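Colleague: Hey, got a minute to walk me through this one? I'm new to reading models.

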Amino acid sequence: MKNATELHRRDTEKDSVKFCDFLWLILFSAFFLILTGSRCYADEYLTKSNEFIEVSYNLNSHRFWLRTTGGNPEIGSDNNKKLLYHSESVTETSYLTVNIDGAKYIYGYDFPAHLKVGISDEDTISSYCIFGNKVEVKQKVSVVKGLTTDNYDSLKIEYRVNNFDSKPHRVGLRLLLDTYLGDNDGAPFSVPGIGSVTTDTSLKGGQIPDYWYVFDSISKPTVSAMCTMRLSGYIEPDETVFSNWGRLYHSRWESIIKQGRKFKVFLGGKDSACAVYWNPGTLDPGQEKKYAVTYGIYKATVKFSDAINVAVGCPERVRENMPFTVSCDIENRSSEYPLDDVDVMLILPPGVVLSDSRELQNKMIPRINPGEIAQASWNLRLRGVSLDKAKFSVKVVGKIRRQENKSSENFSVEVQSCTPNIEPPKSLIENSIKDFIKNLQESGIKSSPASANVPAQVPKKNEILPVVPDSRPSVIPTGLPPVVETKKVTVDKEIFVVPAVDSVKLTDINTNITKLTDNIKRINLTIDEINSKLEKINKQQIKR
């Protein structure tokens with residue numbers, strides 16, 4: 001394990017690495033080593049990769065970075081490009097802060113973290129850190145499907161926080177992501193509902209979008225990435241801050257935001273980053289809370305024209321009756337002429353409506369200056385359960401203002417290929433059950449296949465069973481007894497031995513899933529009856 005001095009030295013070198021030339025870096029490093037007497041060492045990494053991305057997990061610092069392998073198959077320029085910053089001479093620059101009762105700790109730095117043996121699989125790396133024998137934080141990074149691609153090209157960054165103490169604690173998290181696109185360390189963020197973000201910006205509560213994305217160009221993108229902020233089953237962030245990396249990195253929690261301040265650094269250039277906050281909240285004894293975001297490849301449907309380039313992004317897969325976001329970026333290709341009175345029109349298929357009826361399908365952009373990128377976005381939801389796909393199109397019209405003769409020229413571009421697949425409720429329930437069972441198993445809870453000899457219900461008589469051992473070290477948090485009262489619960493034909501305090505909650509979840517499945521069956525039967533009646537009416541009209 002690295003000593004604290006060496007870790008601190010490598011963490012604070014990034015400013016020099018990014019912005020000094022190679023010669024100055026060598027001189028600075030040699031001078032620093034002479035002064036401190038520190039020795040060099042090699043980091044050890046655990047990597048998970050596929051044809052799209054590769055995540056590298058530092059076994060010493062328990063931080064990670066992300067790069068593409070093949071990236072988006074439709075773009076050849078994004079192969080082997082960084083998505084999160086990494087350098088051979090500094091520790092990874094994205095990290096987690098854990099706020100416990102006002103004290104701020106860095107995951108894997110202030111208290112040792114441990115790899116969770118037997119849990120990490122071909123797509124997942126899991127670890128845990130126990131802070132003061134009171135609060136445990138589990139970190140799990142796993143390769144998952146991307147929102148706009150439906151490929152396994154995104155990284156899910158998940159945290160589970162448990163209170164081992166006999167009294168409540170106030171716990172919060174801050175996740176710092178040091179974004180890096182290929183060779184661009186200061187790419188602007190695109191935020192649906194706000195547009196391009198190039199200066200210090202703080203979004204709170206309802207201002208936080210479902211996702212944000214970054215790319216350097218619509219016409220010639222090298223690599224594009226996105227971060228999904230709201231995930232089903234996880235606590236939503238309370239605040240998202242976009243700022244210069246150094247200002248966020250060197251403060252474990254608080255960030256001084258100055259509206260309008262650019263992402264620039266003192267030696268020139270730009271260095272952008274994003275911090276995701278989950279504010280401190282009460283964590284009762286024995287309680288667990290879950291937090292997560294995803295970060296990976298972003299894909300948009302692009303259409304080029306002489307005047308503008310248009311990129312439309314939407315999820316590859318959406319869920320019935322669940323809101324989702326469609327975004328449109330418009331790039332002014334001219335280096336001389338502005339675009340005026342730009343009207344961005346969303347054309348919706350039957351069964352798809354605006355999530356808020358007060359929102360307009362037409363978005364007006366008064367002016368797009370030469371070389372700039374403007375944005376429009378809409379929050380939508382499905383109305384109906386009989387669709388397989390939802391076909392969208394976006395039409396952009398406006399005027400090119402030629403200043404030398406004060407004349408204008410109209411332009412019009414339409415993008416028609418945004419067609420997400422619609423996931424029915426049945427599929428959603430099946431996937432939720434699979435995830436639920438996997439989470440139980442990863443928590444170390446014993447399970448056994450249901451059979452005729454094991455009743456598929458919670459036994460009336462309680463049992464006293466030992467806690468299931470896992471790969472944690474021999475240090476046992478104070479206040480935990482060697483045995484706990486447990487019960488048996490059946491979920492999707494599997495019997496689980498769980499703490500008695502959780503059995504009621506799990507039984508209620510199982511009952512609700514059954515009720516929901518029955519309701520969906522009734523809805524589908526009703527739809528079938530309506531369709532049959534409509535067919536009869538159509539046949540009668542044809543005969544007449």
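Modeller: Sure, one word first: buried means under 20% relative accessible area, exposed means over 50%, and partly exposed is in between, using a 1.4 Å probe and protein chains only. With 0% relative accessibility, T97 therefore counts as buried.

Colleague: Is this predicted or what, and which rules apply?

Modeller: This is a predicted model, where local features need pLDDT of at least 70 and side-chain atom pairs count only at pLDDT 80 or more, while totals for chains, interfaces and linings use all residues. Residues are numbered from 1 along each chain as its sequence is written, and side-chain values use heavy atoms, with hydrogens and water left out.

Colleague: And what's the mean pLDDT of the protein?

Modeller: The mean is 77, and 67% of the residues reach 70 or more. pLDDT is the predictor's confidence in each residue, from 0 to 100. Over residues 15-41 the pLDDT is below 50, and that stretch has 30 contacts in the model beyond near neighbours in sequence. A contact means heavy atoms within 4.5 Å. Residues 446-483 also have pLDDT under 50, with 59 contacts beyond four places in sequence.

Colleague: Back to T97. Where is it?

Modeller: T97 is in strand β4, residues 95-100. Strands (E, at least two residues) and helices (H or I, at least four) are DSSP runs, numbered from the N terminus.

Colleague: What does T97 touch?

Modeller: Not counting residues up to four places away in sequence, T97 touches K104, Y105, G172, L173, R174, R252 and W253. With R252 there's some extra detail: the backbone oxygen of R252 lies 2.8 Å from a polar atom of the T97 side chain.

Colleague: Okay, new topic. What order do the strands of the open sheet have?

Modeller: The nine strands run β6-β7-β8-β9-β18-β15-β14-β11-β12, with antiparallel pairing. Two strands pair if DSSP finds at least two bridges between them.

Colleague: Which strands stand at the edges?

Modeller: Those are β6 (113-115) and β12 (195-197); each has a single partner strand, so one side of each is left without a neighbour in the sheet. The twist averages 20° from one strand to the next. For that angle, axes are lines fitted to C-alpha atoms (for helices, over the stretch in contact), and angles run from 0 to 180 degrees between N-to-C directions.

Colleague: How many bridges do β7 and β8 pair over?

Modeller: Eight, in the antiparallel sense, between β7 (residues 124-131) and β8 (residues 135-144). If you want a spot to click on, Y128 stands opposite K138 in β8.

Colleague: And β18, is that mostly covered or mostly open?

Modeller: Strand β18 (residues 288-297) is mostly covered, with eight of its ten residues buried. Strand β9 (residues 154-163) pairs with β18 in the antiparallel sense over nine bridges, and I157 stands opposite V293 in β18. Strand β15 (residues 224-228) also pairs with β18 in the antiparallel sense, over four bridges. There, T228 stands opposite T294.

Colleague: Which way do side chains go in a strand?

Modeller: In a regular strand they alternate between the two faces of the sheet.

Colleague: How many salt bridges does a search of the whole structure find?

Modeller: It finds 20. A salt bridge here is a side-chain nitrogen of Lys or Arg within 4 Å of a carboxyl oxygen of Asp or Glu. One of them joins the side chains of E158 and K140 (3.5 Å, N to O). That pair links distant parts of the chain, with E158 in strand β9 and K140 in strand β8, 18 residues apart. Both E158 and K140 are buried.

Colleague: What about D340 and R367?

Modeller: Their side chains meet in a salt bridge at 2.7 Å, N to O. D340 lies in strand β23 (residues 339-347) and R367 in strand β25 (residues 362-368), so the pair ties together parts 27 residues apart in sequence. D340 counts as buried at 7% relative accessibility, whereas R367 counts as partly exposed at 42%. Elsewhere, salt bridges that share partners join K140, K156, E158, R160 and E288 into one network.

Colleague: Last one: is N309 buried or exposed?

Modeller: N309 is buried, with a relative accessible area of 0%. N309 is found in strand β20 (residues 308-313). N309 and R333 are 24 residues apart in sequence and 6.9 Å apart in space, C-alpha to C-alpha. Leaving aside neighbours within four places in sequence, the contacts of N309 include I218, S219, D329 and R333.

Key:
Polar contact = N/O pair within 3.5 Å; in protein donor to acceptor, adjacent residues only side chain to side chain.
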